[in-house]
Amino acid sequence: MRFAQIVMGPAGTGKSTYCGHLEKHAQATKRAIRIVNLDPAAEKFDYEPLADVRNLIQVEDVMEDEELKLGPNGALLYCMNYLMDNLEEWLLPEIGEEYDGDYIIFDCPGQIELYTHMDLMKRFVKQLDQWNFRVCGIFAMDAHFLTDGAKFIAGSLVALSTMVNLEIPHMNILTKMDLLGKRDRRNIERFLEPDAHDLLKEEAETPWNAKFLELSEALGKVLDDYSLVKFVPLDIRKSSNMENILLIADMVMGVSEDADVKVKDFEEPDPEEEQDRDLDREFSEYLGTLNVND
């Protein structure tokens, strides 16, 4: 059995940063985790990839093709289709076939349509399943995006569309928490255990909000009633945050099922960062809600 995280989300949400810090954390904790870059438009990242799709096809080369005449988005979709048609010939030899216990992170492009309604990534997931991988989806959302109730509903629906489309164990993480000030961190807290109705009541009264309030409340009720979407904060400065996210992924994929896995509390060097300790407690509460057999 092999294991994989598929790291997804909109462009600029810190997917590659998450992958790079996860690799460093794995090295520090003596875990063998490798990363595969699946973004044919990537310019740089802070890790040494096990495999890089740019060695197979690049967006720039497709855009320069005078017969195709594709723009950036069309060229990327062309590259992803080409990749899916060459998984057996290119990707499998790159990652190998016989490494039991392998743990691979797939760093994916930022075109959101790849995950919400197109079948490209679903085909990729099915191929990994045939290669005996257990897969966990990681959906990255910029913490700066969650500033009000309406944006929370919108972000949640995008995450939900991805989860429904791919049909795999799924976790949503709030990235760039390290870039938030203390006031913004306190504001984010209400989105970790959200009540969509209360969040929407705080919206400014504009003609637009008044017209679509009932629709927003109905969408929020679906999220509340079925507990479909929950966000886990990530501060890359804290090893405890990365350890907890890795632990959650391990649990949903059944990594080391026989081990007595517990959440460890880390002593932070800055005693004034009370908000950071609050986020750690949110992790522990989140772990308590998980059913690892789902």
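A disulfide here means a pair of cysteine sulfur atoms within 2.5 Å, and this structure holds 0 of them. Everything below comes from a predicted model, where local features need pLDDT of at least 70, side-chain atom pairs count only at pLDDT 80 or more, and totals for chains, interfaces and linings use all residues. Residues are numbered from 1 along each chain as its sequence is written, and side-chain values use heavy atoms, with hydrogens and water left out.

**View 1. The whole protein, with 12 helices and 7 strands.** Helices (H or I, at least four residues) and strands (E, at least two) are DSSP runs, numbered from the N terminus. Of the 294 residues, 47% count as buried; that word means under 20% relative accessible area, while exposed means over 50% and partly exposed is in between (1.4 Å probe, protein chains only). The accessible surface comes to about 15200 Å², and carbon and sulfur atoms own 48% of that. Those areas come from the Shrake-Rupley method with a 1.4 Å probe, and for residues only the protein chains shown count as cover. Take the contacts (heavy atoms within 4.5 Å) with a separation of 6 or more: residues 24 or more positions apart account for 76% of them.

**View 2. Cys19 and Cys108, a cysteine pair without a bond.** Why no disulfide here? The sulfur of Cys19 has its closest cysteine sulfur in Cys108, and 8.1 Å is too far for a bond. Cys19 is buried at 0% relative accessibility, and Cys108 is buried too, with a relative accessible area of 2%.

**View 3. Inside the largest nonpolar core, 56 residues in total.** A nonpolar core is a set of buried Ala, Val, Leu, Ile, Met, Phe, Trp, Tyr and Cys residues joined through side-chain atoms within 4.5 Å. The residues with the most contacts inside this one are Ile6, Leu91, Phe106, Met121, Phe124, Leu128 and Leu174. Helix α3 (residues 72–85) gives the largest share, with 7 residues. Another core lies apart from it, made of 27 residues, among them Tyr18, Tyr103, Cys136 and Met253. As background, nonpolar side chains in soluble globular proteins tend to be buried together.

**View 4. Phe124 and its contacts.** Which residues does Phe124 touch, leaving aside neighbours within four places in sequence? Ile6, Leu38, Met84, Leu87, Leu91 and Phe106 are in contact with Phe124. Two of those names turn up again in helix α4 (residues 87–95), where Leu87 and Leu91 are buried along with Trp90, Leu92 and Ile95. Just after α4 comes Gly96, with a positive phi near 80 degrees.

**View 5. A nonpolar patch on the surface, made by Leu68, Tyr78 and Tyr82.** The patch covers about 240 Å². Patches are made of residues with over 30% relative accessible area and no salt bridge; like charges are joined within 9 Å, nonpolar side chains (Val, Leu, Ile, Met, Phe, Trp, Tyr) within 5 Å. Tyr82 lies in helix α3 and is partly exposed, with a relative accessible area of 34%.

**View 6. Asp250 and Arg31, one of 6 salt bridges in the structure.** A salt bridge is a side-chain nitrogen of Lys or Arg within 4 Å of a carboxyl oxygen of Asp or Glu. Here the N to O distance is 2.7 Å. The pair links distant parts of the chain, 219 residues apart: Asp250 in helix α11 (residues 239–253) and Arg31 in the loop between α1 (15–28) and β2 (33–37). Asp250 is buried at 9% relative accessible area, whereas Arg31 is partly exposed at 27%.

**View 7. Asp85 and Arg123, a salt bridge from helix to helix.** The side chains meet at 3.2 Å, N to O. Asp85 sits in helix α3 and Arg123 in helix α6 (residues 120–130), 38 residues apart. Asp85 is exposed, with a relative accessible area of 53%, and Arg123 counts as partly exposed at 31%.

**View 8. Asp142 and Lys176, a salt bridge between a strand and a loop.** The closest N and O atoms are 3.5 Å apart. Asp142 lies in strand β5 (residues 133–142) and Lys176 in the loop between β6 (170–175) and α8 (182–192), so the pair ties together parts 34 residues apart in sequence. Asp142 counts as buried at 15% relative accessibility; Lys176 is partly exposed at 25%. Lys176 also has a positive phi, near 65 degrees, in a residue other than glycine.

**View 9. Glu167, a non-glycine residue with a positive phi.** Its phi is about 60 degrees. Glu167 is found in the loop between α7 (149–166) and β6, and is exposed, with a relative accessible area of 66%.
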